[in-house]
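Here are my comments on the structure you sent, set out as numbered points. They take up the ligand surroundings, then the chain as a whole, and then one pair of helices.

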Amino acid sequence: MTAALFSPMQIKGVRFKNRIGMSPMCQYSSTDGVASDWHMVHLGARAVGGVGFIMAECTAVSPTGRISQGCAGLWNDAQANALKPIVAFQHQFGAVAGIQISHSGRKGSAATALEGGSHLDADDPNGWQTVGPTAQAFDPDGTRLWKTPKALSVADIHEIQEQFVHSAKLALEVGYDLLEVHCAHGYLLHSFLTPLVNTRGDAYGGDLRARARLLLETVEKVRAVWPEDKVLSVRLSVHDFAADGLTLEDTAQVGLWLKELGVDILDCSGGGAVPEARGAIGNRTAEQPDMAGHLRAATGLPVMAVGGITDAAQADDLIASSKADIALMGREMMRDPHWAFRAAKNLSADTRHVLAEQYGFFVGAS
Ligand SMILES: Cc1cc2nc3c(=O)[nH]c(=O)nc-3n(C[C@H](O)[C@H](O)[C@H](O)COP(=O)(O)O)c2cc1C
């Protein structure tokens, strides 16, 4: 019997050869938002290793939508042109290519994580004025500097929405199969969705529906330019992991609204909105796959589960027990680009065509 993890899946015009995915991970290896040789190796190696779905890192819709100067961007042709051969390479080995488009909001203007991730000083020429739902800094009392953001006006909001649309059009030109809107980890769209950050008094703040307005309007505009036969995903922090924050019930409701707008799959991450919530790779990450199952049941949408997945049997069980449709891995994919091949062996699945032929011909059956 074929392991569930290695069963194919079709969403609209996109066929996933298996349910193994690489989660988006910032590489801090871009210059002016343009992908480098590193991205070809980082993303390409997982395609060679048999990963069915590969999501490029959070990619900013504008220069000030980046987290740091080293982050990826998709607002101009040079950036799109650099991504084309990478996507073509992934396609050559049968991997579905996805990209996560994002705005960093009040968490932008930082040094790269490799350099400590702190916000840059106000007079640092590599920094910029951050933005958010209000003029409240991420951690005003913390030991690390966090810039005070500018509260976005409605005109600013509309401009950023158009930047998401422009990025989506460029992603289409590059040849991506799946586009993901990043609404997690405390970045701009999530900072509007969560009551922990958004205390606005206008139409973009208030109850859950009002706080979701920025996300929903943005998704609607993006869906209008992203072809119907391609997959649209939204990454949510499905739980804020902080008192009075978003709960699973809240994000299930948001998922239903997203479904109405034509979103095809939910990517279920968590945390990141406020300092007391744990970050994307904090100590409660492993709770997320079960939460993904809850979202799947509550919305009827396919979901990607992520957080602490390392083991083949664990990933297979998520698919077999209908908790998730794709098992995403971040750090485990860093440890082993050939994880899919080893998983096939562990699950006694057919190993012959998991690796690219250049390797598989020699070691695939062994
Ligand atoms: C180096 C690194 C960079 C990350 N960058 C992103 C990102 O660009 N977008 C995002 O949504 N999550 C990002 N994450 C979170 C991962 O996608 C993933 O959700 C998280 O690592 C938990 O999965 P894991 O336990 O398999 O590592 C990053 C994680 C790491 C370790």
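1. In this predicted model, 23 residues surround the ligand, and those that come nearest are Ser23, Met25, Cys58, Gly330 and Arg331. By class, the shell around the ligand is made up of 10 nonpolar, nine polar and four charged residues.

2. Which strand and which helix each supply at least two residues of this shell? They are strand E4, spanning 53-60, and helix H10, spanning 331-335.

3. As for the chain as a whole, 12 helices and 13 strands are assigned. Its radius of gyration is 19 Å, close to the 21 Å that the globule rule gives for 366 residues, so the chain is as compact as a globular protein of that length. Along the principal axes, the C-alpha atoms fill a box of roughly 60 × 40 × 40 Å.

4. Turning to helix packing, H7 (residues 248-260) and H8 (residues 288-299) pack with their axes 9 Å apart and at an angle of about 50 degrees. Angles from 65 to 115 degrees would count as roughly perpendicular and those under 35 as roughly parallel; the two helices are therefore oblique to each other. The crossing in which H7 passes H8 is right-handed.

5. The contact between these helices brings Leu248, Thr251, Ala252, Gly255, Leu256 and Lys259 of H7 against Met291, His294, Leu295, Ala298 and Thr299 of H8. Sorted by class, this contact of H7 with H8 comprises six nonpolar residues, four polar residues and one charged residue.

Notes. Residues numbered from 1 in each chain as written. Predicted model: local features only at pLDDT ≥ 70, side-chain atom pairs only at ≥ 80, totals over all residues. Axes fitted to C-alpha atoms, helices over the stretch in contact; angles between N-to-C directions. Helix = DSSP H or I, 4+ residues; strand = E, 2+ residues; numbered from the N terminus. Parallel < 35°, antiparallel > 145°, perpendicular 65-115°, else oblique. Left-handed = near helix turned anticlockwise from the far one by under 90°. Contact = placed C-beta atoms within 7 Å. Nonpolar A, V, L, I, M, F, W, Y, C, P; charged D, E, K, R; others polar. Near = placed C-beta within 6 Å. Rg over C-alpha atoms; globule rule 2.2 N^0.38 Å.
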